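Dear colleague,

I am handing over the structure that we talked about, and you will find it just below. Please open it first and keep it beside you while you read my notes, which go through it place by place.

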Amino acid sequence: MDAPAPIIDIGVNLTNSRFDKDLQAVLERSLNAGIGTIIITGTSETTSQAALTLCEKTLGEKSLPGRLYATCGVHPHDARQFGAGSGENLRQLASHPSVVAIGETGLDFNRDFSPRPEQIKAFETQLELAADDGVVHCFTGTREALFDYLDLDLHIGITGWICDERRGAELQRLVANIPLPRLMLETDAPYLLPRTLPASVKPKNGRNEPAFLPYVLEMLARHYPAPPRAIAEQTTQTAQAFFRLGDT
């Protein structure tokens, strides 16, 4: 599948063990698919450090995307490990030029109906480190939630969820309400494999990877009042500005 290049995948869990055996090949396939930049997601202190380490290892390698960047943060599901030194640890990670955002972070209103104290502490600490702007990672919510996020001037990340003819139907109806400058693209790999992948491309192990981001773009364009190239160009510009890519 051809895609306008380069596009940016703003959320990939490249430190996940499912990429251990063929990470180099995954990155090369992403480059061939027109993915110019990948932002590796940090979800805990451990994965945040691993994401930064991966960025450092790949700097200057011509066979890889233009550059890998990372985020550092503690997801609410990992908040139990947030200790006395966690805030300073995240601060040190965030000071590295390859770390471009704080996150994943947030509060979990789904599993427990109300956030646990350790989640609130972790979230408050990370808010102190974060910039004023934010992006809602892997948006799958309701119309009400979408407009609440937009009213807060947040950006919206769209994943392969939109490629699911069952679970993604509501998202397909909603995306046209998102202003183009607020959109960003992400795979959330190795999760959320687009169900629109042709059989000849679909991996037997069900693992998603950045090379499949053009299928997210294609499905988004089917439900959005702009063609794929315009969406690709604007989401790339938006991500570059949002994450200050190139400023380092």
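**Threonine 140 and its surroundings**

Threonine 140 counts as partly exposed, because its relative accessibility is 35%, and a residue is called buried under 20% and exposed over 50%. Please keep in mind that this is a predicted model, and that what follows was computed from it. Threonine 140 belongs to the loop between β5 and α5. Its C-alpha atom is separated by 6.3 Å from that of leucine 171, although the two residues are 31 residues apart along the chain.

**The sheet of β5, β6 and β7**

The strand β5, which comes before that loop, is part of an open sheet of three strands, with the order β5-β6-β7 and parallel pairing. In this sheet β5 (135–136) and β7 stand at the edges, each with a single partner strand, so one side of each has no neighbour in the sheet. Between β6 and β7 there are three bridges, again in the parallel sense, and if you look along this pair you will find glycine 157 opposite methionine 184 of β7. Helix α8 (residues 228–242) lies across β5, β6 and β7, and its direction makes an angle of about 95° with β7.

**The unit of β1, α1 and β2**

Which strand does β1 pair with, and over how many bridges? The partner of β1 is strand β2 (residues 35–40), with four bridges joining the two, which run parallel; isoleucine 7, for example, stands opposite isoleucine 35 in β2. Together with helix α1 (residues 23–32), these two strands make a right-handed β-α-β unit. Strand β1 (residues 7–12) is mostly covered, since six of its six residues are buried. As a general point for reading such strands, the side chains in a regular strand alternate between the two faces of the sheet.

**Threonine 71 and the cis bond beside glycine 103**

Is threonine 71, a residue of strand β3 (residues 67–72), buried or exposed? Threonine 71 is buried, because its relative accessible area is 7%, which falls under the 20% cut-off. Leaving aside residues up to four places away in sequence, threonine 71 touches several residues, among them Ile39, Ile40, Val99, Gly103 and Glu104. A polar atom of the side chain of threonine 71 lies 2.7 Å from the backbone oxygen of glycine 103. Glycine 103 is also joined to glutamate 104 by a cis peptide bond, with omega about 10°, and glutamate 104 lies in the loop between β4 (99–102) and α4 (117–129).

**Further backbone details in the loops**

Another cis peptide bond, with omega about 15°, joins alanine 189 and proline 190, and you can find proline 190 in the loop between β7 (183–185) and α7 (213–222). Leucine 192 lies in the loop between β7 and α7 as well, and its phi is near 60°, which is a positive value in a residue other than glycine. Aspartate 153, in the loop between α5 (143–151) and β6 (155–158), likewise has a positive phi, of about 65°, although it is not a glycine.

With best wishes

Conventions
Residues are numbered from 1 along each chain as its sequence is written. This is a predicted model: local features need pLDDT of at least 70, side-chain atom pairs count only at pLDDT 80 or more; totals for chains, interfaces and linings use all residues. Side-chain values use heavy atoms; hydrogens and water are left out. Buried means under 20% relative accessible area, exposed over 50%, partly exposed in between (1.4 Å probe, protein chains only). Two strands pair if DSSP finds at least two bridges between them. A crossover is right-handed if, with the strands pointing away from the viewer, the path from the first strand over the helix to the second runs clockwise. A polar contact is a pair of N or O atoms within 3.5 Å; within protein, one must be able to donate a hydrogen and the other to accept it, and residues adjacent in sequence count only if both atoms are side-chain atoms. Contact means heavy atoms within 4.5 Å. Axes are lines fitted to C-alpha atoms, for helices over the stretch in contact, and angles run from 0 to 180 degrees between N-to-C directions.
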